[in-house]
Amino acid sequence: MGTHKKFSKLAVSMVVAISGFATVASTVATSAEKKSRADWKKEYVRPSEIPFPKENPYTAAKADLGRTLFFDPRLSGANYISCGTCHNPSFAWGDGLAKGIGHAMTKLGRRTPTILNLAFGEDLMWDGRFETLEQQALGPMSAPVEMNQNMKAIVAELQQIPEYRTLFNISFPGKGITVDNIAKAIATFERTVVSGVAPFDRWVAGDEHAVSESAKRGFDLFNNKANCVACHSGWNFTDSSFHDIGMPDKDIGRGKVVPGVVVMQHAFKVPTLRNAVERAPYMHDGSLKNLYSVVEHYDNGFVTRPSKSEEIFALKLNAAEKTDLVEFMKTLSSKDAPMALPRLPAYDQTVAGSLNVSPAAGPSTGSTAMRTPKGACNSFLMHYIPCSK
Amino acid sequence: MKSKILASAVATLFVVAGATPVSAEVVITQKAKKFDKKKISIKKGESVKFVNADSIAHNIHSRSSNGKFDLGVSKPGTSTSKVFDKAGKFKVRCAIHPKMKITVKVN
Ligand SMILES: [Cu+2]
């Protein structure tokens, strides 16, 4: 219910903005001409509603079921990792770590991205390998190093929980619990996760006192000298594009997905800047600890190679300008109210029997043994899974 | 690469032969991180010329099951042509800016 309430509230608060939004896209590109601050502000007006795809339209029941699934650790192979373990709403839907940690403390290769505002995005993951949120939801769930869930076993597992049978039948009449429907429910919930109105939005809507003078100067730099707008454009502060921004690591990112395009080597998705302050550390590798370091990177910290985006060049910002940019980014934080966690459906109490949890079912790679990487023994995890020394 | 060479060959032919109308070429412009059309219909064997009128690089590729292709990077101010010699529907996108989408229907 809470989700639905949030959704309709959001729609109302964004109505003010609707007329400006359509004109935004058609007037981008001409950044060469000097545009006034007032004209730039028009390009950042919030949309009036959340888009849902025809193939998976919004219903309150489905979003609510998705929220329950999102926070249910039984969706992982060992039943202790939920989507919300890494996409923690208290951390602006990230995990606060440089790189994610998956099944059996496996250190993942990239930072956990936020799920904020994904309804407005395009291809998902840092490298864009999934075209829809529905496909994406199943990726980490089945990946042996992430949630390690055997996708054949999950349907049977949820079938054992009477309330899930009921909830799926309400959301998907006549179809019930299927892998596709798990994905559809989670994707629907995720689309409702939208960052709220921030001081910046109040400024755009006309409240001159909503942000500091330093932040306003930062906004000017953002759109002009610092060229951030080349990619971080529009109300969500991303055009969903992919660029090599010259992070000095070996990860080729989107180069694996689109091998034939030079500039996609070392390229990663442009993330939203909404609520960025709460989402440190930064970049796909989590190597930068605060927004000031991010500004320093774009100013002069990037490496140059054939794939480097042409939109990245030495900015020659002074210390005051760097501070202004950070002050500006701080105004994008909406300080959303904490989200209530769902009550998770209980197991069947009417029949005797032992619980068939999926460590026995094993990873989706076909192996039946529960594998714990060497050195992964950890006092926290040892309560849950056997530890191989 | 192949289609680029072909495109320049066609252009040369056109100049030499004067008014001989080689099979029509549809021109699509990339501007403000958008294709100027969302959908086009062409005949089998016709080509589409993608003109990058932006100040940034773009890409043209398709992952459609009936014919994958990737024309690499198209730099600002350049154009790239692609002959569609198979009938069907092709979802064409920019790998750099996935919001850039156009459907090419080849009859
Ligand atoms: Cu593009």
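How are the donor residues of the copper ion spaced in sequence? The spacing is H-x35-C-x2-H-x2-M. The model discussed here is a predicted one.

**The copper site**

Four residues of chain B coordinate the copper ion, at 2.0 to 2.8 Å. His58(B) and His97(B) each do so through ND1, Cys94(B) through SG and Met100(B) through SD. The angles among the four donor atoms run from 83 to 140 degrees, and the site is irregular. A tetrahedral site would need all angles to lie between 85 and 135 degrees, so the range of 83 to 140 degrees does not fit that class.

Are the donors His97(B) and Met100(B) buried or exposed? His97(B) has a relative accessible area of 2% and is buried. Met100(B) is buried as well, with a relative accessible area of 1%.

The chain that holds these donors has 107 residues, of which 40% count as buried. Its secondary structure comes to one helix and nine strands. Along the sequence of chain B, the pattern is α-β-β-β-β-β-β-β-β-β.

**Cavities**

The structure holds three cavities of 30 Å³ or more. The largest has a volume of about 580 Å³, and the second largest has a volume of about 90 Å³.

The lining of the largest cavity consists of 33 residues. Those nearest its centre are His232(A), Ile245(A), Met283(A), Val294(A) and Tyr298(A). By class, this lining has 24 nonpolar, five polar and four charged residues. Three elements of chain A each supply at least two residues of the lining: strand E2 (268–269), helix H12 (291–301) and helix H13 (319–330). Of these, H12(A) gives the most, with four residues.

Which residues line the second largest cavity? From chain A they are Phe242(A), His243(A), Val263(A), Met264(A), Ser309(A), Glu310(A) and Glu311(A), and from chain B they are Ile56(B), Ala57(B), Ile96(B) and His97(B). By class they divide into six nonpolar, three polar and two charged. His97(B) thus appears in two places: it is a donor to the copper ion and part of the lining of this cavity.

**The nonpolar core**

In soluble globular proteins, nonpolar side chains tend to be buried together. In this model, the largest nonpolar core has 37 residues. Leu69(A), Leu75(A), Leu158(A), Phe168(A), Ile182(A) and Ile186(A) have the most contacts inside it. Five helices of chain A each supply at least two residues of this core: H4 (60–70), H6 (133–142), H7 (151–159), H8 (162–171) and H9 (179–191). H9(A) gives the most to this core, with six residues.

Helix H4(A) is largely enclosed by the rest of the structure, because eight of its eleven residues are buried. Among the buried residues of H4(A) are Lys62(A) and Arg67(A), as well as Leu65(A), Leu69(A) and Phe70(A).

Ala185(A) is placed in helix H9 of chain A. With a relative accessibility of 0%, Ala185(A) counts as buried. Its C-alpha atom is 8.9 Å from that of Ala61(A), though the two residues are 124 apart in sequence.

**Loop residues of chain A**

Some residues in the loops of chain A can be set side by side.

| Residue | Loop of chain A | Relative accessible area |
|---|---|---|
| Trp93(A) | between H5 and H6 | 6%, buried |
| Asn275(A) | between E2 and H12 | 5%, buried |
| Val303(A) | between H12 and H13 | 28%, partly exposed |

Most residues other than glycine have a negative phi, and most peptide bonds are trans. Trp93(A) has a positive phi, near 70 degrees. Asn275(A) also has a positive phi, near 55 degrees. The peptide bond from Ala280(A) to Pro281(A) is cis, with omega near -5 degrees. Pro281(A) lies in the loop between E2 and H12 of chain A, and Asn275(A) is placed in the loop between E2 and H12 too.

How is Val303(A) placed relative to Gly246(A)? These residues are 57 apart along the chain, and their C-alpha atoms are separated by 4.6 Å. Val303(A) counts as partly exposed because its relative accessible area of 28% falls between the limits of 20% for buried and 50% for exposed.

Methods: Residues numbered from 1 in each chain as written. Chains lettered and ligands numbered in written order. Predicted model: local features only at pLDDT ≥ 70, side-chain atom pairs only at ≥ 80, totals over all residues. Heavy atoms only, no water. Donors = N, O, S within 2.8 Å, 3.2 Å for Na, K, Ca; no water. Tetrahedral: all angles 85-135°; square planar, octahedral: opposite > 155°, others 65-115°. Buried < 20%, exposed > 50% of the residue type's maximum accessible area, 1.4 Å probe, protein only. 1 Å grid on protein atoms, 1.4 Å probe; cavity = no way out; pocket = protein on both sides within 12 Å on 5 of 7 lines; lining within 4 Å. Points joined across faces, edges and corners; volume = space filled by probe spheres on them. Nonpolar A, V, L, I, M, F, W, Y, C, P; charged D, E, K, R; others polar. Core = buried A, V, L, I, M, F, W, Y, C linked by side-chain atoms within 4.5 Å.
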